[in-house]
Amino acid sequence: MNFEHILFSIEAGVALLSLNRPEQLNSFNTSMHLEVKEALKQVRQNPEVRVLLLTGEGRGFCAGQDLSDRNVAPGTEAPDLGVSIETFYNPLIRQLRDLPMPVICAVNGVAAGAGANIPLACDLVLAARSASFIQAFCKIGLIPDSGGTWTLPRLVGMARAKALALLGNRLSAEQAEQWGLIYRCVDDAQLRDEALTLARHLATQPTYGLALIKRSLNASLSNTFDEQLELERDLQRLAGRSEDYREGVSAFMDKRTPAFKGR
Ligand code: T3D
């Protein structure tokens with residue numbers, strides 16, 4: 001598949017996926033959805049890929065759904081947005097959350113609507129200091145989607161989640177970091193380099209184990225304490241059978257740098 005609306009490359013274990021409709025602030029039309037879906041399929045199937053880095057081209061990260069794709073002229077039949085969510089946004093969020101590897105999101109500019117919630121489905125979110133997050137849905141009569149109603153209260157608490165969702169105000173990257181919505185806010189000029197450095201570092205780590213860490217922490221948000229203890233037992237069993245665990249312990253005992261393979 002030739003990509004027109006995304007840039008996609010794989011190098012040294014890192015898949016770099018950049019949304020590329022800068023004139024429309026990387027808002028999603030159907031073609032971009034299909035291309036992202038295909039790229040994520042390749043990421044999942046390619047054993048060389050150990051980390052995914054998601055970002056955007058131009059001055060925006062993503063402005064959510066491309067509203068020019070929606071026919072809302074008077075007299076036209078109401079669109080079934082549930083179909084769009086079911087077909088595109090929910091699978092995208094599940095794909096990102098369930099990818100068995102760390103997913104880094106580098107939010108390079110404004111992130112609005114679904115574009116503000118896609119990063120929250122990733123594992124480590126860096127944002128440029130000039131970036132911002134806008135739960136823009138309320139301004140057009142919609143509700144936050146792409147998992148936002150689930151992730152927001154868990155990340156920033158119900159009071160702030162409701163303020164963000166009901167008011168649709170712009171939240172700066174710095175405030176987002178202070179509120180715990182994202183991992184880190186960095187200077188604009190440093191964003192791409194910092195995100196790549198982090199991705200390249202993670203790609204040398206025991207990424208099979210990192211995928212299990214991600215899985216266990218994600219599950220903890222809805223598990224009881226006892227369920228979580230049992231999950232830790234099960235996932236530690238899997239981790240202990242990995243080549244990387246053997247390598248990590250051997251390297252420690254031999255006082256050398258481990259060479260992890262991600263399996
Ligand atoms: O429909 C379904 O499938 C259901 C699922 C919905 C998921 C959703 O994401 S709904 C929410 C959709 N997104 C929005 O409501 C955000 C709309 N955009 C904005 O509010 C603003 O553009 C921003 C706050 C993000 C940025 O503002 P600003 O002033 O920096 O830029 P701008 O001038 O508004 O936008 C620049 C261009 O991008 C402009 O085009 P132009 O005039 O230069 O030709 C603008 O129309 C275009 N653009 C921005 N967002 C969208 C868009 N075009 C289409 N769809 C967009 N979402």
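Reader: What makes the pair formed by the side chain of serine 84 and an oxygen atom of the ligand a polar contact?

Author: In this predicted model, an N or O atom in the side chain of serine 84 is 2.4 Å from an oxygen atom of the ligand. A polar contact is a pair of N or O atoms within 3.5 Å, so the pair qualifies. Taken alone, the ligand exposes 1000 Å², of which the protein buries 65%.

Reader: Which polar side-chain atom lies 2.7 Å from an oxygen atom of the ligand, and which residue has a polar backbone atom 3.4 Å from an oxygen atom of the ligand?

Author: The side-chain atom belongs to arginine 70, and the backbone atom to glutamate 23. Since both distances are within the 3.5 Å cut-off, each of these pairs is a polar contact as well.

Reader: How many residues surround the ligand, and what is the character of that shell?

Author: The ligand is surrounded by 24 residues, and the closest are Gln65, Leu67, Arg70, Ser84 and Ala114. The shell divides into 13 nonpolar, six polar and five charged residues. Helix α2, which covers residues 81-98, gives the most to it, with four residues.

Reader: Why is asparagine 26 called buried?

Author: Asparagine 26 has a relative accessible area of 0%, and buried means under 20%, so the term applies. This residue is found in the loop between β2 and α1 (30-45).

Reader: Which backbone oxygens lie 2.9 Å and 3.0 Å from a polar atom of the side chain of asparagine 26?

Author: The backbone oxygen of glutamate 57 lies at 2.9 Å, and that of glycine 60 lies at 3.0 Å. Glycine 60 also takes part in strand pairing, with valine 110 as its bridge partner in β6.

Reader: What makes β4 and strand β6 a pair?

Author: Two strands pair if there are at least two bridges between them, and β4 and strand β6 (residues 110-112) are joined over two bridges, in the parallel sense, so the criterion is met. These strands belong to an open sheet of four strands in the order β4-β6-β8-β9, with mixed pairing. Its edge strands are β4 (60-62) and β9 (170-172), each of which pairs on one side only, and the twist from one strand to the next averages 20°.

Reader: How do you know that β1 and β10 stand at the edges of their sheet?

Author: The sheet in question is open and has six strands in the order β1-β2-β3-β5-β7-β10, with mixed pairing. β1 (6-11) and β10 (184-186) each have a single partner strand, so one side of each is left without a neighbour in the sheet. Neighbouring strands of this sheet are turned by 20° against each other on average, direction ignored.

Reader: Why is strand β3 described as mostly covered?

Author: Strand β3 spans residues 51-56, and six of its six residues are buried. Val51, Leu53 and Thr55 point one way from β3, while Leu52, Leu54 and Gly56 point the other way, and all are buried.

Reader: How many bridges join β3 to strand β2, and how many join strand β5 to strand β7?

Author: Strand β2 (residues 14-19) and β3 pair in the parallel sense over six bridges, with leucine 53 in β3 as the bridge partner of leucine 16. Strand β5 (residues 103-107) and strand β7 (residues 124-128) run parallel and are joined by four bridges; here valine 107 stands opposite alanine 127 in β7.

How values were computed
Residues numbered from 1 in each chain as written. Predicted model: local features only at pLDDT ≥ 70, side-chain atom pairs only at ≥ 80, totals over all residues. Heavy atoms only, no water. Near = heavy atom within 4 Å. Polar contact = N/O pair within 3.5 Å; in protein donor to acceptor, adjacent residues only side chain to side chain. Areas by Shrake-Rupley, 256 points an atom, 1.4 Å probe, with all protein chains shown as cover. Nonpolar A, V, L, I, M, F, W, Y, C, P; charged D, E, K, R; others polar. Axes fitted to C-alpha atoms, helices over the stretch in contact; angles between N-to-C directions. Buried < 20%, exposed > 50% of the residue type's maximum accessible area, 1.4 Å probe, protein only.
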